[in-house]
Amino acid sequence: MVLENGVIRAEINPKGAELRSLRTVAADEEYLWNADPAYWAKTSPVLFPIVGALKDNCYHYGGKTYPLSRHGFARDRIFEASKLADDAAEETRAYYPFAFQLSLRYTLQGRSLRCTYEVHNPSESHPLLFSIGGHPAFAVGGKGEQPAYEDHYLEFPADDALYCHTIDRDLISNRTQTLALDRHQLPLKHALFYDDALVLKTLKSPVITLRNHVNGRGIHFKRDGFPYFGIWAAKDADFVCLEPWCGLADSSEHNQQLEDKEGIQRLEAGGTWTRYWEVALLG
C-alpha cells in the first residue's frame with residue numbers, strides 16, 4: 001500500500017503492516033533503512049503482544065505455560081486494510097490465549113507521518129494482557145556517502161543524561177550505564193550498540209531529534225503515551241532504531257507470570273486502547 005500527499009510518500013507492507021519506505025516526493029530522499037539482509041532485513045516491525053524476549057521464551061498464565069518468541073507474532077502476520085485477518089486471533093491461541101483486535105493507522109500531514117496503534121478487547125468477560133511497541137529504523141549515513149554515521153547525533157531536549165538498562169542474552173540485565181549528554185546531544189557511533197539495545201525507563205523527552213552536523217538533514221520523532229524507549233542498531237549497520245514501547249523484555253529474575261510482567265498492559269473486556277508515534281522529516 002502506498003500513501004502520498006504531494007510532500008512525502010510512504011509504503012506499507014501488508015505483512016506485519018510494516019512501514020517499508022518513507023521519502024520526500026520532490027527530492028526523492030529516503031529516510032528509512034534499506035533493509036539490507038546482510039545486517040537486518042526489516043525496517044519497522046510491529047512488536048505485539050510482547051516487547052523483547054521472554055525468559056526461557058515462554059510465560060505462565062492461568063496455570064498454563066505458553067511459548068512465545070521475541071517481539072511476538074504481529075510482525076509476521078498479514079494485515080488487511082487496518083486490521084488483522086479475521087482468523088488471526090484464532091491461529092494464535094496456542095501461544096496467546098486472548099481474544100484481540102489489532103489495527104494500525106498510518107496518516108500523512110505535511111512532512112509528518114503518524115503511526116497509531118489500536119488494540120480492542122472483544123471479550124465480554126476477560127481482560128486482555130499485552131505489550132506493544134514500535135521499531136522503526138532510520139537511515140544514518142552510508143558507506144561512500146556523506147555525512148558519515150559519526151556526523152549524526154540524537155538530541156533529547158528534556159534530558160541531561162541517559163540512564164540505560166543493558167541487555168544480556170536478550171533479557172534486561174542488572175547492569176546499568178549512564179550516558180552523559182553534551183548540550184542534550186548523544187553523538188552516534190556504532191560501538192554504542194555492540195552490546196545490544198539501550199533501554200530507557202526514565203526518558204523525559206517526548207520528542208527526540210536525529211540529525212547530522214553537515215547539512216542538518218534528519219527527523220523529529222515524537223512518542224505519545226509510551227513509558228519506555230529503546231535505541232538500537234545492528235552491528236556496524238548504517239541505521240538507528242528509535243523504539244517507543246509499552247512493555248519490556250523479561251529480566252533474568254522474572255517469575256514468568258504474565259500478570260506480573262513489567263510494563264504489561266491490561267485492557268478490560270470491551271475496552272479499546274490507542275497510542276501513537278510520529279516522525280517529521282527535516283532538511
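Reader: Hi! How many aromatic pairs does a search of the whole structure find?

Author: Hello! In this predicted model, the search turns up 20 aromatic pairs. One of them joins Trp 33 and Tyr 39: the ring centres are 6.3 Å apart and the planes meet at 80°, so this pair is edge-to-face.

Reader: Nice. Is Trp 33 buried or exposed?

Author: Trp 33 is buried, at a relative accessible area of 6%. Its partner Tyr 39 counts as partly exposed, with 32% relative accessibility.

Reader: And how are Trp 40 and Phe 239 arranged?

Author: Those two rings are stacked, 5.5 Å centre to centre with 25° between the planes. Trp 40 sits in the loop between strand E3 (18-24) and strand E4 (58-61), while Phe 239 belongs to strand E21 (residues 239-246), so the pair ties together parts that are 199 residues apart in sequence. Both Trp 40 and Phe 239 are buried.

Reader: What else does Phe 239 touch, leaving out residues up to four places away in sequence?

Author: Its contacts include Trp 33, Phe 138, Val 140, Tyr 149 and Trp 232, along with Trp 40. Phe 239 also stands out in the largest nonpolar core, which has 76 residues: Phe 48, Ile 231 and Phe 239 touch the most other members. E21 gives the most to this core, with five residues. Another core, of nine residues, lies apart from it and has Leu 47, Ile 167, Val 199 and Leu 248 among its members.

Reader: You mentioned Phe 48. Which cluster do ring pairs link it into?

Author: Phe 48 is in a cluster with Tyr 61, Phe 73, Tyr 96, Phe 98, Phe 100, Phe 130 and Trp 273.

Reader: Switching to charges: which residue lies over the face of Tyr 31?

Author: That is Arg 217, at 4.0 Å from the ring centre. There is also Lys 235, which lies over the face of Tyr 194 at 5.2 Å from the ring centre.

Reader: Last topic, cysteines. How many disulfides does a search of the whole structure find?

Author: Zero.

Reader: Why does Cys 246 have no bond to the closest cysteine sulfur?

Author: The closest cysteine sulfur is in Cys 115, and at 12 Å from the sulfur of Cys 246 it is too far for a bond; a disulfide needs the two sulfur atoms within 2.5 Å.

Reader: Got it. Is Cys 246 buried or exposed?

Author: Cys 246 is buried, with a relative accessible area of 1%. Cys 58 is buried too, at 15%.

Key:
Residues numbered from 1 in each chain as written. Predicted model: local features only at pLDDT ≥ 70, side-chain atom pairs only at ≥ 80, totals over all residues. Heavy atoms only, no water. Buried < 20%, exposed > 50% of the residue type's maximum accessible area, 1.4 Å probe, protein only. Phe/Tyr/Trp six-rings, centres within 6.5 Å; stacked < 30°, edge-to-face > 60°. Helix = DSSP H or I, 4+ residues; strand = E, 2+ residues; numbered from the N terminus. Lys NZ or Arg CZ within 6 Å of the ring centre and 35° of its normal. Core = buried A, V, L, I, M, F, W, Y, C linked by side-chain atoms within 4.5 Å. Contact = heavy atoms within 4.5 Å.
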